[in-house]
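Trainee: Could we go through this one together, a few spots at a time? I'll ask and you explain.

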Amino acid sequence: MKKFKTESKRLLDLMINSIYTNQEIFLRELISNASDACDKLYLASLTDKKVKLVRSNFAIMLAYDKDSRTVTVSDNGIGMSKDDLDKNLGTIAHSGSLEFKEENAADPVDIIGQFGVGFYSGFMVAHKVKVVSRAFGSDEAWAWESDGIDGYSISEAARENHGTDVILTLKNDTDEESYSKFLSEYELKHLVKKYSNYVRYPVKMEVSKSRALPKPDDAPDDYKTQYEDYTETDTLNSMTPIWKRKKPDVTEEEYNEFYKSDFHDYAAPVATFSLNAEGAISYDALMFIPSHAPFDLYSKDYQKGLALYSSNVMIMEKCPDLLSDHFNFVRGVVDSADLNLNISRETLQQNSQLRAIAKRIEKKIVSELTSMRDNDRETYEGVFECFGRGLKYGIYTSYGSLKDPLAELLLYYSAKQKKMITLREYLEAAKNNVEKNTDASSASQTKDDPANSATNDAADDVTTAPDSVADDAETKSAEDSNTGITIYYAAGSNEEMLAKMPMVRSVLAKGHDVLLCTQDVDDFCMSVMQDFDGAVLKNVAGGDLGLETEEEKEQFANIAKDNEQLLEAMKEALGDTISKVVLSSRLADIPAGISAEGPISLEMEKVLNAGPEGKDMRASRVLELNPEHAVFTKLTEAQDQGDLEKVRLFTNILYNQALLVEGLPIDDPVAFAESIGELMS
Ligand code: ADP
């Protein structure tokens, strides 16, 4: 027996115990070696006229035997001479494949091996490994045998044809490990599908099947179909990776089937797209957008990632570094022969390679979604409904740094257009509105010219239309943005409720659109974005929206001045619960409303307090009063009569009412009910 060199012994120990995290990859390694052996001989057939072989001559055979506890991987590849066995398998970390690759760098080979250690992964599951091999062109066969501890022996053997058999005698099961599981058709099939599905040679195995026997002529009436078991050799892998095929050659049906079987989805994807990059790192990527969100998408257990293949062999089932969090719903594969894999071939050595690929992938996904948004809106709306929340989170958690390009992909419900629109569509519509009104107002200006009195009627119509008011407002908000356009939004739990909100109605009445946002992340996302292409994003329930005309402002200032004492008394009645009481023109037909000033909106307050930690966050609340409402007149009367008790009672009711309208909890429901009761009795 030949002893392993000391370094090799240490390395072997390391191999078996530490390099791999996953025992089952031994099969991937042995199949990869067998595929390399076939490739090498195939290459010889290309360069040596005496070798008459074609690709279809090659195959890898898998077998298992429960009695002897063996799993065998055989190939009819190039085989190994006695010397090769000694050199390649006697020296750990000597890769004959790497040498071969270097010697044949110019040839079209896609050899998988490179580290010279994969073979030894067999010792993770086997206590004995025997390799019987016959080199191509030789009539001798040799057997290499080792227990993976001290050394190995090489002896004469017999093999009918060129090629190699690697026979693993599995370890006995322990309390922690079941090695016997590899002695099953199911497990071996599963592992081939998982890791070696796209190895270019067929991986075959004799599998047991069952078939119905023909019904005998004299079968009785109650004859039950009889079955017989038989065995048949099946090819377990599908070989050609679909992502390596040219797109026009693959049918939609084939892509869908691949997606469904590889990513375990019952429904076909809504989009399939590929990327083939050539350069410092060449790779092929095939990606899918699912038609629905997996049930655990928003849970902590959800694992994002694309499958990573190197030379058709799976390295990682879900490589998270290839996908950003906001595109975590995208499924697919990336395959590259240029990756610097680490020794276990379970991960990569260099993250910079992954980063470069991930960057291209990110761009590709954005362009795919953009084109879907523009060309197939209905499908895009479906995709956005499933995954849009993640995009908003992406913007929010990146503190807005992902605004470009994600903001262009967002959709919101437009209260004016009554459909989902993008921020850009809001902006374009608002710009058109401004233009329309500029034209209209120049028309209305002609009205003031006595020489043009004939146009008066028509111009009057225009000036009273809501849009003309918008013109005024637009011009005013121009002061705080580049475009002069403000994008108004309202945040709450559902669209119907939001559409009824007085603040929404009043902004709409002024001719502006309002985006109705119903997801918990919306307000947060909007506030980190701050603006979109120069247009300021404003929550309609936020502080001053700047929508009042100069006239209205003056009028309100006068009313506020006349009622200074009343406003003070009301503020006093509510104490620290509010920061101030103001008069407002945006309450439509309700007497009072609540808005928030400062960075925390009322909707944010709701979301933050509903979180698991239930942070006691409070927006800085402002009580807005509608001076045109009859209740306001009642209040002024009470104040004039010195009936402070009534002022206090009304104030409390108005405040609580306003909270209810906002969907916020009232501080003391019992006191509220009592106040109403007092008023009614
Ligand atoms: P790697 O495949 O990374 O080179 P391995 O430890 O798996 O490393 O294999 C060591 C070497 O043994 C290979 O490079 C190859 O030369 C040889 N070898 C392994 N398996 C076979 C096989 N089935 N047929 C021919 N040669 C093989």
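Trainee: Is E177 buried, partly exposed or exposed?

Mentor: Keep in mind that this is a predicted model. E177 sits in the loop that links β7 (163–170) and α5 (185–196). Buried would need under 20% relative accessible area and exposed over 50%. E177 has 29% relative accessibility, so the class is partly exposed.

Trainee: And how far is E177 from V125 in space, C-alpha to C-alpha?

Mentor: Along the sequence, 52 residues separate E177 and V125. In space, the C-alpha to C-alpha distance between E177 and V125 is 9.5 Å.

Trainee: What is the strand order in the open sheet of nine strands?

Mentor: Start from the edges: β1 and β9 each have a single partner strand, so one side of each has no neighbour in the sheet. Next to β1 (residues 2–3) comes β6 (residues 151–157), joined antiparallel by two bridges. β6 also pairs antiparallel with β5 (residues 141–146), over six bridges. With mixed pairing overall, the order reads β1-β6-β5-β4-β7-β3-β2-β8-β9.

Trainee: Which residue stands opposite A143 in β6?

Mentor: β5 and β6 make a hairpin with four residues between them, and G148 in that turn has a positive phi of about 75°. On the β1 side, K3 has G151 of β6 as bridge partner. For A143, the residue opposite in β6 is S155.

Trainee: What angle does α2 make with β3?

Mentor: β3 (residues 70–75) runs antiparallel to β2 (residues 60–65), with six bridges joining the two. One pair there is A63 with T72 in β3. Helix α2 (residues 25–47) packs on the sheet and touches β2, β3, β7 and β8 (203–212); its direction and that of β3 make an angle of about 20°.

Trainee: Which strands does α3 touch?

Mentor: Helix α3 (residues 82–90) packs on the sheet too, and its direction makes about 25° with that of β5. The strands α3 touches are β1, β4 (126–134), β5 and β6.

Trainee: Now the sheet of six strands. Which are its edge strands?

Mentor: This sheet is open and its pairing is mixed. Read the order as β16-β15-β18-β17-β20-β19. The strands that pair on one side only are the edges, β16 (419–421) and β19 (531–532).

Trainee: At what angle does α14 run to β18?

Mentor: β17 and β18 pair in the parallel sense over four bridges, with A490 opposite L516 in β18. α14 lies across both of these strands, β17 and β18. Relative to β18, α14 runs at about 155°.

Trainee: Which residues of α14 are buried?

Mentor: Look at what they pack against: β17 (486–491), α13 (495–500), β18 (514–517), β22 (592–597), β23 (620–625) and α20 (644–662). Just past the helix, G511 has a positive phi, near 95°. In α14 (residues 502–509), the buried ones are P502, M503, V504, S506 and V507.

Trainee: Why is α8 called oblique to α15?

Mentor: α8 (residues 377–397) and α15 (residues 522–529) pack with their axes 8 Å apart, at an angle of about 45°. Roughly parallel would need an angle under 35 degrees, and roughly perpendicular runs from 65 to 115. The angle therefore makes α8 and α15 oblique.

Trainee: How many nonpolar residues are in the contact of α8 with α15?

Mentor: The crossing of α8 and α15 is left-handed. K392, I395 and Y396 come from α8, and D522, F524, C525, V528 and M529 from α15. By class, the contact has two charged residues, no polar ones, and nonpolar residues numbering six.

Trainee: Is H264 buried or exposed?

Mentor: H264 is in the loop between α6 and β10 (271–277), and has a positive phi near 50° although the residue is not glycine. Exposed needs over 50% relative accessible area. At 69%, H264 is therefore exposed.

Trainee: What about M239, is it buried or partly exposed?

Mentor: M239 lies in the loop between β9 (227–235) and α6 (252–262). Phi of M239 is positive as well, near 70°. Its relative accessible area is 23%, so M239 is partly exposed.

Trainee: Last one: which residues does the cis peptide bond join?

Mentor: Most peptide bonds are trans. Here omega is about 15°, and P405 is in helix α9 (residues 403–406). The cis bond joins D404 and P405.

Notes:
Residues numbered from 1 in each chain as written. Predicted model: local features only at pLDDT ≥ 70, side-chain atom pairs only at ≥ 80, totals over all residues. Heavy atoms only, no water. Axes fitted to C-alpha atoms, helices over the stretch in contact; angles between N-to-C directions. Parallel < 35°, antiparallel > 145°, perpendicular 65-115°, else oblique. Left-handed = near helix turned anticlockwise from the far one by under 90°. Contact = heavy atoms within 4.5 Å. Nonpolar A, V, L, I, M, F, W, Y, C, P; charged D, E, K, R; others polar. Buried < 20%, exposed > 50% of the residue type's maximum accessible area, 1.4 Å probe, protein only. Pairing = 2+ DSSP bridges.
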